[in-house]
Amino acid sequence: MLRLVPFAERHIAPFTRAFNALPDNAVWTEEYTRSRTLDDPTYDPALMLAAEEDGQPVGYLQGSIAKEEGWIRAFLVEPGRQRQGIGTALFEAVETTLRERGVPAVTAGYALPRYFLPGVDIHYTPAISFLFQRGYTTTRETRVNMDVVVAGRDWTTAAQEAALAAKGYTIRRGRPEDRAELERFCLAESHANWATESGMALERQPVTVHLALRGSEIVGMATHGFIGRTHFGPMLTRTDLRGLGIGTVLLKRCLADWQRQGHERGEIIWAGPIAFYARTVGATIGRAFWVFKKTLAAQAGA
Ligand SMILES: CC(C)(COP(=O)(O)OP(=O)(O)OC[C@H]1O[C@@H](n2cnc3c(N)ncnc32)[C@H](O)[C@@H]1OP(=O)(O)O)[C@@H](O)C(=O)NCCC(=O)NCCS
């Protein structure tokens, strides 16, 4: 018999395995799954579910509420168990709970503030067919990742850093105590979400944020390892200081970290300035994602 239960520690390993088995998605570790499920501040046992049969997990749905909206950051039914109504049962349960809590709408594919992917990969035909069948809609606005080859390339930035130093800019790895100033910088540039994301990367060991400073003021940052191990982003240079080479140096420092860790390649997540990444590090457009939304009208009589 199928039972829906709260997503728990015993589900971390099988979920990570099944999620990594999706096409082009083999980048997740159990640590990243845990930080987006059990250790996520939005974790709610009524919204983050596993479907079990005879004690064996056969499906997962990771829902949450943030900013008074519903979010589904990942959903998956084990390949041998698809088209048997398990996905429907999971979505029915979570959508019902969201409706009962008065949540007006739910977004599927990613979640604030901690997500796995920027949306549903447009190559995941079963997932997209399933969402359409459940009444989800998408603007078909595409978010893209970019692929970058790391191995065998020269990421030295000493000369550019010396040139920036001559103009009064210091480039260095972030430190946990940079958190407040980093937050101020992101907010001043109207990127509150990035303050959370890069702030979390400041707590990694070693820190996976590189900074540009003028005096004690942060004027640029680049982050990796926040979304997944070989995922780059976010990055930000103060608006009036763009074009000086600060972003290029910070980006290359992140790629140098990956090279030292032995990674062959990585992905720039939800890439904004595509031409910048293409020109500076030869990145090319890779995975593409759509975001889905459904309005949760209150049930008649509710
Ligand atoms: C999306 C997914 C969770 C659906 O789970 P499921 O248990 O197979 O779904 P259900 O059996 O409840 O399907 C309900 C309906 O959705 C539609 N649907 C589901 N899979 C479909 C497919 N492969 N092609 C077309 N329609 C599909 C059908 O209308 C289906 O009803 P039917 O079987 O009576 O025709 C499953 O396909 C899956 O795990 N995919 C891989 C994970 C993934 O890509 N997740 C997104 C990234 S987070």
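This is a tutorial dialogue on reading some features of a predicted model.

Student: Where should I begin with the sheet, and what is the order of its six strands?

Tutor: In general, the strands of a sheet pair through backbone hydrogen bonds, either parallel or antiparallel. In this predicted model, an open sheet of six strands runs in the order E1-E2-E3-E4-E5-E14, and its pairing is mixed. Strand E1 (2-6) and strand E14 (292-295) are the edge strands, each of them pairing on one side only. From one strand to the next, the twist averages 25°.

Student: Which helix packs on that sheet, and which strands does it touch?

Tutor: Helix H3 (residues 86-100) packs there, touching E1, E2, E3, strand E4 (69-77) and strand E5 (105-108), and its direction makes about 25° with that of E3.

Student: How many bridges join strand E2 to strand E3?

Tutor: Strand E2 (residues 48-53) and strand E3 (residues 56-66) run antiparallel and are joined by six bridges; as one point of register, Ala 51 stands opposite Gly 59 in E3.

Student: Turning to helix H6, which of its residues are buried, and why do they line one face?

Tutor: The general idea is that an α-helix has 3.6 residues a turn, so residues three or four places apart point the same way. In helix H6 (residues 179-188), the buried residues are Leu 182, Phe 185 and Cys 186. Viewed down the axis of H6, its buried residues fall within an arc of 95°, and therefore they line one face of the helix. The face of H6 turned away from that buried side carries Ala 180 and Leu 187, which are exposed.

Student: What covers the buried residues of H6?

Tutor: The cover includes helix H7 (192-201), strand E10 (217-224) and strand E11 (231-237). Just after H6, the backbone at Ser 190 takes a positive phi of about 65°.

Student: Since E10 belongs to that cover, how many of the eight residues of E10 are buried?

Tutor: Seven of the eight are buried, so E10 is largely enclosed by the rest of the structure. Strand E9 (residues 209-214) runs antiparallel to E10 and is joined to it by six bridges, with Leu 213 having Ile 218 in E10 as its bridge partner. E10 also pairs with E11 in the antiparallel sense, over four bridges, and there Ala 222 stands opposite Met 235 in E11.

Student: Which turn residues in these two hairpins have a positive phi?

Tutor: E9 and E10 form a hairpin with two residues between them, in whose turn Gly 215 has a positive phi of about 65°. The hairpin of E10 and E11 has six residues between the strands, and Gly 225 takes a positive phi near 75° there.

Student: Is Leu 244 buried or partly exposed?

Tutor: Leu 244, which lies in the loop between E11 and helix H8 (246-260), is partly exposed because 19 other C-beta atoms lie within 10 Å, whereas a buried residue needs 20 or more. Its C-alpha atom is separated by 53 Å from that of Ile 86, a residue 158 residues apart from Leu 244 along the chain.

Student: Finally, which residues come nearest to the ligand?

Tutor: Of the 19 residues around the ligand, Gln 82, Gly 87, Thr 88, Pro 126 and Ser 129 come nearest. The elements giving two or more residues to this shell are E4, H3 and helix H4 (125-133), and H4 gives the most, with five residues. By character, the shell divides into 11 nonpolar residues, seven polar and one charged.

Definitions and conventions
Residues are numbered from 1 along each chain as its sequence is written. This is a predicted model: local features need pLDDT of at least 70, side-chain atom pairs count only at pLDDT 80 or more; totals for chains, interfaces and linings use all residues. Two strands pair if DSSP finds at least two bridges between them. Axes are lines fitted to C-alpha atoms, for helices over the stretch in contact, and angles run from 0 to 180 degrees between N-to-C directions. Two residues are in contact if their C-beta atoms, placed from the backbone, lie within 7 Å. A residue is buried if 20 or more other C-beta atoms lie within 10 Å of its own, exposed if 12 or fewer, and partly exposed in between; C-beta atoms are placed from the backbone. The arc is that of the directions from the helix axis to the C-beta atoms. A residue is near a molecule or strand if its C-beta atom, placed from the backbone, lies within 6 Å of it. Ala, Val, Leu, Ile, Met, Phe, Trp, Tyr, Cys and Pro count as nonpolar, Asp, Glu, Lys and Arg as charged, and the others, Gly among them, as polar.
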